[in-house]
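Biologist: Got a minute to go through this fold with me? Drop the structure in here and we can start with the contacts.

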Amino acid sequence: MTLAIVVKGTEGVVFAVDSRVTLTLVTQQGNTNTVLPVTYDNATKLLIVSKQKYIGAVTYGNAIFDTRQPRTAHSFLPEFEASLPDARISVLDFAGRLGQFYLARWNAAQQPQGSEPASFFVGGYDQNEAYGRLYSLSVPNQIAPQEILVNDFGAQWGGQIATANGLFLNAAIPWQLLPLQDCVDVAILAVKTTAELQKFLTDIRGVGGPIDVAVISKVDGFRDIQSKSLRGEYESKRI
């Protein structure tokens, strides 16, 4: 499920994504099978590697790569990073490597035919380029990265997109004029509004939990804007 959104502005690229993973649990009582959605609200879907600080990705769609020993895309991140060169690579090269890496994991997991694909947005800056680049790809169906918002600015979203479509369908937003902070704000708005509205819908509530947000700029590279952190049962108190 999920709602992942990327915004390409003149000052940087913004990633925003929720933290909910939805699993389908099948229980059997006698001759009757009951299908129940089970949710967990602390998954990490924002994929950042330290070797390539000018590139990042978000994932949506199928969150599980192996139904026998379930693993998320994020759980493979150390292995993916180890496969990357230390030298800076292009956004397209990164996207291609990411697609091939997760295709190998998908095939090794022997996913059932007809499984929902695992999809990705990849974005960032090529060296000496003035503006960012964005690509989409999907495992296992669309491994070759497809560039989106070519020579343009705007937003792209994937996953449970109905609410975001309603928000932005007729919205006259001058994306090319938006400062980076406004790009962050609009990305958060899309994810948060989707999660809040789903609380009232008789549908799979696949968007929820904390919203992770990051930006990548030409000068600074990756910058964490807001992200989940580990916490204990009690908040610390000053004495």
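Modeller: Sure. When I say two residues touch, I mean heavy atoms within 4.5 Å. And keep in mind that this is a predicted model.

Biologist: Fine. Which residues does Phe94 touch, leaving out those up to four places away in sequence?

Modeller: Val49, Gln52, Ile55, Phe80, Leu84, Ile89 and Val122.

Biologist: And which residues touch the most other members in the largest nonpolar core?

Modeller: Phe94 again, along with Tyr102 and Phe120; that core has 26 residues.

Biologist: Which elements give two or more residues to this core?

Modeller: β6 (55–61), α1 (77–82), α2 (91–108), β7 (118–124) and β8 (133–139). Helix α2 supplies the largest share, eight residues.

Biologist: What about the second core, what does it include?

Modeller: It is separate and has 25 residues, among them Ala164, Cys183, Ala190 and Val191.

Biologist: Switching to sheets. What's the strand order in the open sheet of five strands?

Modeller: β10-β1-β2-β11-β12, with antiparallel pairing. β10 (154–159) and β12 (221–226) are the edge strands, each pairing on one side only. From one strand to the next, the twist averages 15 degrees.

Biologist: Which helix packs on that sheet?

Modeller: α4, residues 180–198. Helix α4 touches β1, β2, β11 (212–217) and β12, and its direction makes about 165 degrees with that of β1.

Biologist: Back to β1 for a second. How many bridges join β1 to β2?

Modeller: Five, between residues 3–8 and residues 13–17, with the strands running antiparallel. For a reference point, Ala4 stands opposite Val17 in β2.

Definitions and conventions: Residues numbered from 1 in each chain as written. Predicted model: local features only at pLDDT ≥ 70, side-chain atom pairs only at ≥ 80, totals over all residues. Heavy atoms only, no water. Pairing = 2+ DSSP bridges. Helix = DSSP H or I, 4+ residues; strand = E, 2+ residues; numbered from the N terminus. Axes fitted to C-alpha atoms, helices over the stretch in contact; angles between N-to-C directions. Core = buried A, V, L, I, M, F, W, Y, C linked by side-chain atoms within 4.5 Å. Buried < 20%, exposed > 50% of the residue type's maximum accessible area, 1.4 Å probe, protein only.
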